[in-house]
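Trainee: I am new to this structure and would like to know what stands behind the labels people put on it. Could we go through them one by one?

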Amino acid sequence: MERKKTKNRREFIRSSMRFGMVLALGGVGGLAFRNAAAGKSVWQIDPFKCTWCGRCATHCVLNPSAVKCVHAYEMCGYCDLCGGYLKVGHSDRSTAAENQLCPTAAINRKFIEEPYYEYVINEDLCIGCGKCAEGCTAFGNGSMFLQIKHDICVDCNECSIARVCPSDAIKRINGPDPYLMKGDFSEPA
Amino acid sequence: MRLKTTILAFLLLITSGPVLWAQQQRFPMPEFESGYQYPDAKLPGSGSLAMEYFDVGILVLLLAVTSWLAIKKRSRKWILLLMTGALLYFGFWRQGCICPIGAVQNVALGFSDPTYAVSWFIIALFLLPLLFSLAFGRVFCGTACPLGAIQDIVVVRPVRVPVWVRKSLGMFPFVYLALAVLFATTGTDFIICRYDPFIGIFRMGAEFHLIVIGIGFLLVGMFVARPYCRFFCPYGALLKTTSIFSKNHLSITPSQCIDCKLCKDSCPFDAIDHPTDPKVIGKMKDKTKHFLLYAALIPLLIVVGGWAMSSAHIFLARANPDVYLAHLLVRDPSVMEDLDNLDVQTFLGSDRTVDELVNDATAIQATFRSGAWFTGAFIGLVAGLFLVSQFVIRRRDDYQPNRGDCFSCGRCFKYCPVQK
């Protein structure tokens, strides 16, 4: 008889604690859902904040990095003397390796018509170091810039590049429109 | 050569006057005569939402089936099969992100930062295992968790961990949880994700030290079964608390325990409670005074814990990059001349002033001061409850799984000779 009482008391404590926890979880969940985002969000680089420090190439959990150079052709000046393609102090304006800024020769330079050249990024070779983006922004239109490619990115809960980004340029943005493109030249307000 | 110098000089001239050129491209797109069309730069999308619905669906299915397997069907074989499936899917295929363990931080940050919108499916990932734990015990740990699964399959020769070691180390998950919430709510870091020991194995690549830690955990896990789950996992702390009060739970025997002691050593996680020794019950009668003493000590522990953590807030806040940079610049201004220091150089190149940075850092430090108080108070409370629980004795006549520690893995089923 006495044991039964103990059992009942234990069961009572257990069920009231359970009830309390369901309430607590419901409260936490309800409050969290009130501010919840409907879609998914992904990591992306703000190209106007990026300072091409080079950490995208070294700090991504993937090797090579999920960050790649993206080329907005509509912004490109198609220069012969391309700040993103040629090293400062190059000896000749040619495709020779010693003249190329890109450490992995991931940019293809193709003649179109005098005096214009087209530059296409070979993504398989690009390591996301941002050297071309820096050169292009310093001497040209800034049509080359870094973006996180979502077919490669594994979408870590905390982006390990974002943690070390010195200019705080990597943020989570909305999934349906997952790129921050430099479409027109003016910086968006 | 002359031409190049002229062009470079021209380029330098225009880069030095960016204000004039701000709304215009330096080199407008040429009008091609050859009819050149620029290529269409199609970028791959971020994957559809369907994947998220699918993941939540898989999780619910796994939890529901595991509950049925553990409580009704009583099949270790099927649990093992499901566990392997979950390890392959959530671990190696979905590459471990995001999981309910890390979701704790997202939910915490969502509360402290209103601009940070947590995705609904992260909240669902966070809540579902806890709700199932309240209803059926830690079924999430049993199959659905890839971190648990990878440790579960390497258990070869489990050794018994002494009770006092087990109990004291078992407090660490609560400390880890409290620290993770502190660092997440202050927007500093997601430490659970950063020190996830198995993510490197799931992704087949990570920083060297993480791989070493992961392999170390697996090696230790061959003898001390599931070391991360039992002594580190911060989400496990929550699951343990909810599971203790669960409505239903796996039982070792399908009907009535006959006290045959066959299952006594079957649990590699030391999660089987033995029948209470009558001698101990006799001794416990005089321990009421101890119980009251330690219960009265709880408020003191809370205050001491809160005070201790709060006084360490400056040290803790250094983990925040802004605070760290501010400290660096204020303590040693000569670092500004260090051209190799990327963080400092990027900061100097930005339009933030040192004063602004110091103001921001001071504000972050202040949130750390109050946040660390709560963290410390929570740790004090857990320590107090742990001490008090040493003087609570529950009368048991048979062998039962410990509801807090049992992972619902089902290893004990086959040791019970009782038929239904």
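Trainee: Where does B:Arg226 lie, and why is B:Arg226 called buried?
Mentor: B:Arg226 lies in the loop between α13 (208-221) and α14 of chain B. This is a predicted model, and the values are computed from it. The relative accessibility of B:Arg226 is 0%, and buried means under 20%, so B:Arg226 counts as buried.

Trainee: What does B:Arg226 touch?
Mentor: Leaving out residues up to four places away in sequence, the contacts of B:Arg226 include B:Met83, B:Gln151, B:Asp152, B:Phe269 and B:Phe407. B:Cys141 is also one of them. The side chain of B:Arg226 reaches the backbone oxygen of B:Cys141 at 3.0 Å, and the cut-off for a polar contact is 3.5 Å.

Trainee: Why is B:Ser67 called buried?
Mentor: B:Ser67, in helix α3 of chain B, has a relative accessible area of 4%. The limit is 20%, so B:Ser67 is buried. Not counting neighbours within four places in sequence, B:Ser67 is in contact with B:Lys72, B:Phe132, B:Phe136 and B:Val139.

Trainee: How far apart are the C-alpha atoms of B:Ser67 and B:Asn248?
Mentor: They are separated by 9.3 Å, while the two residues are 181 residues apart along the chain.

Trainee: How do you know that A:Cys60 has no bond to A:Cys159?
Mentor: A disulfide is a covalent bond between the sulfur atoms of two cysteines. The rule asks for sulfur atoms within 2.5 Å. The sulfur of A:Cys60 is 6.8 Å from that of A:Cys159, its closest cysteine sulfur, so the pair is too far apart for a bond. Over all chains there are zero disulfides. B:Cys260 is likewise in no disulfide, with the nearest cysteine sulfur, in B:Cys416, 6.0 Å away.

Trainee: Are A:Cys60 and B:Cys260 buried or partly exposed?
Mentor: A:Cys60 has 16% relative accessibility and counts as buried. B:Cys260 has 34% and counts as partly exposed, because partly exposed covers values between 20% and 50%.

Trainee: What makes A:Arg172 and A:Asp155 a salt bridge?
Mentor: Their side chains meet at 3.3 Å, N to O. The limit is 4 Å, so the pair qualifies as a salt bridge. A:Arg172 lies in strand β6 (residues 170-174) of chain A and A:Asp155 in the loop between β5 (144-148) and α4 (160-164), so the pair ties together parts that are 17 residues apart in sequence. A:Arg172 is partly exposed at 24%, and A:Asp155 is partly exposed at 25%. The structure holds 23 salt bridges over all chains.

Trainee: What makes B:Arg94 and B:Glu52 a salt bridge?
Mentor: Their N to O distance is 3.9 Å, which is within 4 Å, so this pair also qualifies. It links B:Arg94, in the loop between α4 (76-93) and α5 (100-112) of chain B, to B:Glu52 in helix α3 (residues 50-73), 42 residues apart. B:Arg94 is partly exposed at 22%, whereas B:Glu52 is buried at 3%.

Trainee: How far apart are the closest N and O atoms of B:Asp270 and B:Arg230?
Mentor: They are 3.0 Å apart, and the two residues form a salt bridge. B:Asp270 is in the loop between α15 (234-244) and β1 (272-273) of chain B, and B:Arg230 is in helix α14 (residues 227-231), 40 residues away. Both B:Asp270 and B:Arg230 are buried. They belong to a network of salt bridges with B:Arg160, B:Arg166 and B:Asp265.

Trainee: How many residues does each chain bring to the contact of chain B and chain A?
Mentor: Chain B brings 72 residues and chain A brings 64. The area buried between the chains is about 5900 Å², with 62% of it from carbon and sulfur atoms. B:Leu43, B:Ser46 and B:Phe245 supply 11% of the area that chain B buries against chain A, more than any other three residues.

Trainee: How many salt bridges does the rule find across this interface?
Mentor: It finds one. B:Asp343 forms a salt bridge with A:Arg55, the closest N and O atoms being 3.0 Å apart. The rule also finds 16 residue pairs in polar contact across the interface.

Conventions: Residues numbered from 1 in each chain as written. Chains lettered and ligands numbered in written order. Predicted model: local features only at pLDDT ≥ 70, side-chain atom pairs only at ≥ 80, totals over all residues. Heavy atoms only, no water. Buried < 20%, exposed > 50% of the residue type's maximum accessible area, 1.4 Å probe, protein only. Helix = DSSP H or I, 4+ residues; strand = E, 2+ residues; numbered from the N terminus. Contact = heavy atoms within 4.5 Å. Buried area = accessible area lost by both parts, 1.4 Å probe. Polar contact = N/O pair within 3.5 Å; in protein donor to acceptor, adjacent residues only side chain to side chain.
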